[in-house]
Amino acid sequence: MFENPKYITRGVQSEIPDALMLLMWQMIAAMQSSQKDYLQVFILTKTPTGQHIVHTQEQPPYRYELDVHCKCAIDAKVYVIDDKTHSTMLLASEY
């Protein structure tokens, strides 16, 4: 999963900095899980030192947290959905 063409919505393009988009795609590729769920969830939280990222999936249960020092930190919830032909990154509000 998630090895097919990748797309982003207009909301992601306008609200998520490129560096964070790339980091989320890389976090999916580097997952230490026996199986990837079709739905990956990212909770982005702005902190005093940068960006806090919580990456989760439901089945099998997976959770990874990461703190990144950056000036482009934002608060957002992002979904990445794989439908076997392509993967799409979208804001939760666009679902």
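## A quick tour of the model

Start with the cartoon view: the protein's secondary structure adds up to two helices and six strands. Keep in mind as you look around that this is a predicted model. Now colour the chain from N to C terminus and follow it along. The order you'll pass through is β-α-α-β-β-β-β-β, so both helices follow the opening strand, with five strands after them.

Next, select the C-alpha atoms and zoom out. Along the principal axes, they fill a box of roughly 35 × 30 × 20 Å. Their radius of gyration is 13 Å, which agrees with the value near 12 Å for a compact globule of 95 residues.

Switch to showing contacts. Of those between residues at least 6 apart in sequence, 55% join residues at least 24 apart.

Turn on the surface now. You're looking at about 5,900 Å² of accessible area, and 52% of that belongs to carbon and sulfur atoms. As for what's tucked away underneath, 42% of the 95 residues count as buried.

Time to colour by charge. There are 8 positive and 11 negative side chains here. The centres of the two sets lie 3 Å apart.

How many salt bridges does the count come to? It comes to one. To find it, select Arg63 and Glu65 and show their side chains: the two form a salt bridge, with 2.9 Å between the closest N and O atoms.

Before you leave this pair, check the surface around each partner. Arg63 counts as exposed because its relative accessibility is 55%, over the 50% cut-off. Glu65, at 40%, falls between 20% and 50% and therefore counts as partly exposed.

Terms used: Residues numbered from 1 in each chain as written. Predicted model: local features only at pLDDT ≥ 70, side-chain atom pairs only at ≥ 80, totals over all residues. Heavy atoms only, no water. Salt bridge = Lys/Arg side-chain N within 4 Å of Asp/Glu carboxyl O. Buried < 20%, exposed > 50% of the residue type's maximum accessible area, 1.4 Å probe, protein only. Helix = DSSP H or I, 4+ residues; strand = E, 2+ residues; numbered from the N terminus. Rg over C-alpha atoms; globule rule 2.2 N^0.38 Å. Contact = heavy atoms within 4.5 Å. Areas by Shrake-Rupley, 256 points an atom, 1.4 Å probe, with all protein chains shown as cover. Lys, Arg positive; Asp, Glu negative; His and termini not counted. Charge placed at Lys NZ, Arg CZ, Asp CG, Glu CD.
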